[in-house]
Structures are given as structure tokens and as C-alpha cells.
Amino acid sequence: MTEIIGELIEIAVDVDDEAAEAVSELFNRYNGGSYEAENEAGEAGGGGAVIEVTGIDDFGNPIPDKYRVVVKTYVKPGKRGEHTKRQLEEGLWRLSLLYPIPEPQVRVVQEEDWATAWKKFYKPLRIGQRVVLKPTWEEFTPNAADIVIHLDPGMAFGTGMHPTTRLCIVALEEVVHPGDTVLDLGTGSGVLAFVAAHLGATEVLATDIDPLAVRVARENALLNHIDAKTLTIDLSSVPAQMPGRFQVIVANILAEVLVGLFDGKYENTPLAEPLAARGTFILSGILAEKAEMVLQAAARYGLHLVDTKQEGDWVALVVRATA
Ligand code: SAH
């Protein structure tokens with residue numbers, strides 16, 4: 001390997017889980033691409049977001065008062081780096097209007113520190129009964145029943161850092177049965193689609209309107225050896241001409257978007273259409289105070305609450321058509 005010398009500018013933000021996803025997405029967008037120390041600034045990507053989690057126990061559970069998430073990214077000194085840095089700072093400022101995030105910490109570090117140090121912070125994360133989200137390079141010895149999902153950090157939404165993703169995984173474990181058909185609407189990194197496939201779904205459709213998400217989900221599908229016969233990943237929203245096709249639909253999008261999708265406000269196929277008559281719908285990405293609004297929209301299409309999962313301010317609503 002070429003000797004790495006030189007300096008990098010580190011931009012670090014101390015965040016909670018929610019903001020971690022948003023900040024990572026920002027860093028990936030403006031400073032993504034694989035990091036290559038040898039390349040001139042401007043040609044190489046910045047490696048995207050690096051997520052450092054400290055203060056978790058061996059099972060991936062946060063230790064009270066010790067749990068900390070820091071999202072970092074690195075730019076090279078110079079004109080191009082300065083430009084990227086400004087974009088990142090502007091983006092952070094915009095996010096700070098939505099999330100309580102502190103000022104970014106900026107400091108100069110040696111490249112070699114970066115190259116070796118960061119991976120040790122991203123650890124396997126256990127969610128629900130059987131699912132473990134595992135960074136690609138980490139050693140992990142699963143139990144026989146474990147479902148291990150391999151993910152790289154610094155990718156599209158869906159690293160498991162966000163409570164809304166975890167709520168969906170917990171609900172999927174309960175509702176997906178072998179042989180089911182599953183739709184993952186707004187798949188992001190693909191994480192929920194992979195979980196569904198591992199739970200025995202034989203036909204999984206994952207859609208997203210963001211081309212970056214579709215690309216990342218496809219890469220992750222290969223990484224996870226998900227059979228292409230089982231999983232289709234599409235650049236789209238609610239699938240048309242598939243009425244009643246899916247026994248389970250999971251959509252981890254925001255409350256307002258879900259309501260709009262139910263009512264076909266985006267010139268989309270109405271959200272409830274692809275759900276099978278006895279199917280189960282997992283609606284997530286919903287702040288508790290907005291649950292009622294989403295439930296009312298679901299009720300307009302004959303779907304009623306059967307279960308609620310909650311973590312902090314977030315809820316996932318499990319709804320079904322009442323017979
Ligand atoms: N399913 C992943 C990612 C959730 S983030 C997880 O649970 O972690 C929400 C995703 O929905 C984003 O990738 C976004 O691009 C996508 N999205 C937003 N609006 C959408 C729409 N109308 N149709 C399909 N996907 C949408």
C-alpha cells in the first residue's frame with residue numbers, strides 16, 4: 001500500500017440517533033464516494049460519513065450516560081476541500097432547523113489516524129429477537145437462529161441507528177411468515193427488504209424514489225447474498241397494477257408523506273391498493289403526536305390499528321383490514 005502522509009480536515013458532529021441518520025445522509029451526499037488518500041482533492045470522494053458509537057454493551061444496547069454517537073467526515077485541505085466543507089456546514093445549518101444538533105467540531109488530523117482508527121467504533125447491533133446488523137469487517141459469531149444483515153456504514157438511510165428502522169424490524173419479525181410476499185416502500189439501504197427475505201418471504205419488492213438509495217440497496221443485496229429471484233429493487237414508489245399482491249407492506253417514511261400516499265396525492269397508486277385482503281401494513285417514521293393523523297388516513301381505506309410499537313417519540317403502527 002502507498003504510504004499515507006498528509007493532513008485531513010475532520011468535521012465532527014455529536015448527535016443523537018435520529019440526527020445521526022440525517023447527518024450521515026448529508027455527509028454521504030456532499031462528500032461521498034470511496035475515500036482514496038492518494039488522489040488529489042477534487043478527484044477523490046471523501047469517503048462519506050463515519051459513524052462512531054461508543055458506550056454500548058456487548059449486546060449492542062446503549063449504556064445509560066455513556067452512549068454517544070459522533071458522525072464525522074473528512075475533507076482534504078485546499079480549494080475543493082474548502083468548497084465541500086462549506087457545503088457541509090451549510091447543510092448542517094439547514095438540518096439544525098429540524099434537529100437539535102450542536103455546532104460541528106472542525107480539526108486537522110493526520111491521514112494515517114483516519115485510515116486505521118475509525119472502524120473500531122461501528123459494532124454489530126442486535127435488534128428484536130433475531131436480527132443483527134453487522135458492519136462488513138466485524139467478526140461476529142451468530143446464534144443458530146440469528147439473521148445477520150451485512151451493512152457498510154456511511155450509506156443511504158437504514159444503518160439501524162434510527163429508532164424508526166428498529167421499530168420496523170421488530171414488527172417484521174412478528175408479522176412476516178415463510179412464503180409471504182412483502183413490499184418495502186422507501187427501502188433506503190435495503191435493510192428491511194433483506195430482513196423480510198431472511199424471515200422467509202419468497203417475493204420481496206423494494207422501491208425508492210431516490211436513485212442513490214436504489215444503487216446502495218442493490219449493492220447491499222449482493223453483499224447479503226439475497227437471491228435475485230426473491231428480491232426486486234425498483235426506482236419507483238407505490239407499485240401500480242399489483243392490487244392485493246402483498247401480504248405485508250412496510251413503509252418507513254414520514255407521517256405527512258404516508259398520508260399523502262394513502263390519498264394518492266403524489267399522482268401515485270393509492271398506498272392501500274397493493275395490500276392483500278388479509279394483509280398487514282407496518283407504517284413507520286411517525287412521531288407519536290402524528291399517529292392519529294396517519295390512523296385516520298388508514299381508516300379511510302378500511303385499515304385499522306392492531307398493534308403499536310414505540311421508541312422514544314417515534315411510533316410504528318401495525319394496521320390491518322378488518323373483516
Ligand atoms: N427503509 C429504510 C429507509 C427509510 S428512509 C429504513 O427503514 O431504515 C425513507 C426512504 O423513503 C428514503 O430512502 C426515501 O428516499 C424514500 N421515500 C421517500 N418518499 C418516497 C415515496 N413517495 N415513495 C418511495 N420512497 C420514498
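**Exercise 1.** Which residues of helix H5 are buried? State also what follows for the helix as a whole.

*Solution.* The structure is a predicted model. Step one is to list the residues: Val-191, Leu-192, Ala-193, Phe-194, Val-195, Ala-196 and Ala-197 are the buried residues of H5. Step two is to set this list against the length of the helix: H5 covers residues 191-198, and 7 of its 8 residues are buried, so the rest of the structure largely encloses it. Step three is to look beyond the helix: Gly-200 follows H5 and has a positive phi, near 110 degrees.

**Exercise 2.** Determine how far helix H7 is enclosed, and identify the elements against which its buried residues pack.

*Solution.* Begin with the buried residues, which in H7 are Ala-255, Leu-258, Val-259, Gly-260, Leu-261 and Phe-262. With 6 of the 8 residues of H7 buried, the helix is largely enclosed by the rest of the structure. Next, consider the packing partners: the buried residues of H7 pack against strands E8 (181-185) and E11 (246-252), and also against E12, H8 and E13. Finally, inspect the backbone just after H7, where Gly-264 adopts a positive phi of about 65 degrees.

**Exercise 3.** Find the aromatic pairs of the whole structure and classify the geometry of each.

*Solution.* A search of the whole structure yields 2 aromatic pairs. Take Phe-262 and Phe-281: their ring centres are 6.0 Å apart and their planes stand at 45 degrees, so this pair is tilted. Phe-262 belongs to helix H7 (residues 255-262) and Phe-281 to strand E12 (residues 275-287); the pair therefore ties together parts that are 19 residues apart in sequence. As to accessibility, Phe-262 is buried, with a relative accessible area of 0%, and Phe-281 also counts as buried, at 0%.

Now take Phe-262 and Tyr-301: the ring centres lie 5.9 Å apart and the planes meet at 15 degrees, which is under the 30-degree limit, so this pair is stacked. Tyr-301 sits in the loop between helix H8 (291-299) and strand E13 (303-311), while Phe-262 lies in H7, so this pair links parts 39 residues apart in sequence. Tyr-301 is partly exposed, with a relative accessible area of 34%. To conclude, Phe-262, Phe-281 and Tyr-301 form one aromatic cluster.

**Exercise 4.** Which residues make the nonpolar surface patch of about 420 Å²? Place Leu-98 in the chain and assess its exposure.

*Solution.* The patch is made by Trp-93, Leu-97 and Leu-98. Leu-98 is located in the loop between helix H2 (79-96) and strand E4 (105-110). Its relative accessible area is 68%; because this is over 50%, Leu-98 is exposed.

**Exercise 5.** Describe the surroundings of Leu-305: is this residue buried or partly exposed, and which residues does Leu-305 touch?

*Solution.* First, locate the residue: Leu-305 is in strand E13. Second, judge its exposure: a relative accessibility of 41% falls between 20% and 50%, so Leu-305 counts as partly exposed. Third, collect its contacts: leaving out residues up to four places away in sequence, Leu-305 touches Leu-295, Leu-317, Val-318 and Val-319. Fourth, examine one of these partners: Leu-317 is 12 residues from Leu-305 in sequence, and the C-alpha to C-alpha distance is 6.8 Å.

Notes
Residues are numbered from 1 along each chain as its sequence is written. This is a predicted model: local features need pLDDT of at least 70, side-chain atom pairs count only at pLDDT 80 or more; totals for chains, interfaces and linings use all residues. Side-chain values use heavy atoms; hydrogens and water are left out. Buried means under 20% relative accessible area, exposed over 50%, partly exposed in between (1.4 Å probe, protein chains only). Helices (H or I, at least four residues) and strands (E, at least two) are DSSP runs, numbered from the N terminus. Rings of Phe, Tyr and Trp (its six-membered ring) pair if their centres lie within 6.5 Å; planes under 30 degrees apart count as stacked, over 60 as edge-to-face and the rest as tilted. Patches are made of residues with over 30% relative accessible area and no salt bridge: like charges are joined within 9 Å, nonpolar side chains (Val, Leu, Ile, Met, Phe, Trp, Tyr) within 5 Å. Accessible areas come from the Shrake-Rupley method with a 1.4 Å probe; for residues, only the protein chains shown count as cover. A salt bridge is a side-chain nitrogen of Lys or Arg within 4 Å of a carboxyl oxygen of Asp or Glu. Contact means heavy atoms within 4.5 Å.
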